[in-house]
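Please open the structure in the viewer and keep the sequence panel visible. The tour proceeds by selections, each followed by a description of what is found there.

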Amino acid sequence: MPKRKFKYKTSMRFKRRYKHTENIAAVLVAFFIIIVGFVALFQFFSSSGKKINIPIENVSNFKIPHKNLPVLKTLAAKYGIDFSELVTIYSLEQNFFPSKSQAVDAAEIERSFLINYDSIRKSYKPKELAPYYNMLNTLFEEIKYFPIPSGYDNEESPSYMFGDNFNLKNSKTTDIIDRENIRGRIPIMSLGGGTVESIGLKEDTGFQIKIKTSQETIYTYSYLDSVSDGLVTGSLVQPGQLLGFMGAVQNIPVRLAISISPKFALTSKEFFINPYPFLRSVEATRAEYKPQ
């Protein structure tokens, strides 16, 4: 009898251990299935949405009609949409405006674009949108003032003129020209804040100032006739601060040439974007110049 009891007890222990092992195996299988499910869902959602494949050159040219920017700003406020997001998606839908196109009025944008905005926005992957949004949002936040101060332009006697000459003869600037062609006549104010990265006189660009922002955007002001007293490499610059005065080299007309080189995550090379639409968007916003 004792021997049988021993066998019985051994058999019960084995069954308990087997059942325990079986439970652990079931838990592990269930856990594995859950992990596989999460991975499948992640792959599904990460693979859904439009694949953005726009040439870097299109982004650099950024030929968005400048008259559309205030329209988009008004519509963004009307519909409670982030302005930079609206411009980003609008530009992506237009292949980032690789060439000059006609301005569209607010009614047309509402009818052809905003009516489907939610579905259009959701069709893009957030990670795909991020590089374009981050760059444009940074520039819209950094650029506060037009470089020519108040009091230097009116309809009867405009003091300057400028157009979209970006990439004309490989130029990476927008040039603002003094109509009266007088060196040192028109003061130049900083578009935004930052730190002077370099400053100096060059044979081909006259006095040139490079200002770098906290977001690593570099704004370059060339063809200055002179620079403001006290500005040196490392100087902190405030938005709307006097930088110098328009100038020229050799026989070219008196002008200011501005280039904008923002940090753009989709390229490791030096990247320039067309300053023209940004300058037009703040043309009515002027700092005040007070002669010393």
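Select strand β8 (residues 242-246) together with β6: in this predicted model, the two strands run antiparallel and are joined by three bridges. Within this pair, display Leu224 and Met246 of β8, which stand opposite each other.

Keep Leu224 on display and add Phe207, whose bridge partner in β6 is Leu224. This leads to strand β5 (residues 206-212), which pairs with β6 in the antiparallel sense over five bridges. Next, follow the hairpin of β5 and β6, where five residues lie between the strands. Select Glu216 there; this residue takes a positive phi near 70 degrees.

Now select strand β9 (residues 255-261), which is antiparallel to β6 and joined to it by five bridges. Display Tyr221 and, opposite it in β9, Ile258.

Return to β6 as a whole and colour the strand by accessibility. Seven of its ten residues are buried, so that β6 is mostly covered.

Thr220 is the next selection, within β6 (residues 218-227). Is Thr220 buried or exposed? Thr220 counts as buried because its relative accessibility is 7%, against a cut-off of under 20%. Show its surroundings: beyond the neighbours within four places in sequence, Thr220 is in contact with Gln208, Ile209 and Lys210, and also with Ala257, Ile258 and Ser259.

Proceed to Ser261, which is placed in strand β9. Ser261 counts as buried because its relative accessibility is 9%. Which backbone oxygen does the side chain of Ser261 reach? The partner is the backbone oxygen of Phe271, at 2.7 Å. Not counting residues up to four places away in sequence, Ser261 also touches others, including Glu216, Thr217 and Ile218, as well as Glu270 and Phe272.

Turn next to the nonpolar interior. In soluble globular proteins, nonpolar side chains tend to be buried together. The largest nonpolar core here has 62 residues. Select Val87, Phe113, Leu136, Ile176, Tyr221 and Ile273, the members that touch the most other members. Tyr221 has already been displayed opposite Ile258.

From this group, centre the view on Leu136. Leaving aside neighbours within four places in sequence, Leu136 is in contact with Phe62, Val87, Thr88, Phe96, Ile273 and Phe278. Finally, select Met189, Leu242, Ala287 and Tyr289, which are among the five residues of another core lying apart from the largest one.

Key: Residues are numbered from 1 along each chain as its sequence is written. This is a predicted model: local features need pLDDT of at least 70, side-chain atom pairs count only at pLDDT 80 or more; totals for chains, interfaces and linings use all residues. Side-chain values use heavy atoms; hydrogens and water are left out. Helices (H or I, at least four residues) and strands (E, at least two) are DSSP runs, numbered from the N terminus. Buried means under 20% relative accessible area, exposed over 50%, partly exposed in between (1.4 Å probe, protein chains only). Contact means heavy atoms within 4.5 Å. Two strands pair if DSSP finds at least two bridges between them. A nonpolar core is a set of buried Ala, Val, Leu, Ile, Met, Phe, Trp, Tyr and Cys residues joined through side-chain atoms within 4.5 Å. A polar contact is a pair of N or O atoms within 3.5 Å; within protein, one must be able to donate a hydrogen and the other to accept it, and residues adjacent in sequence count only if both atoms are side-chain atoms.
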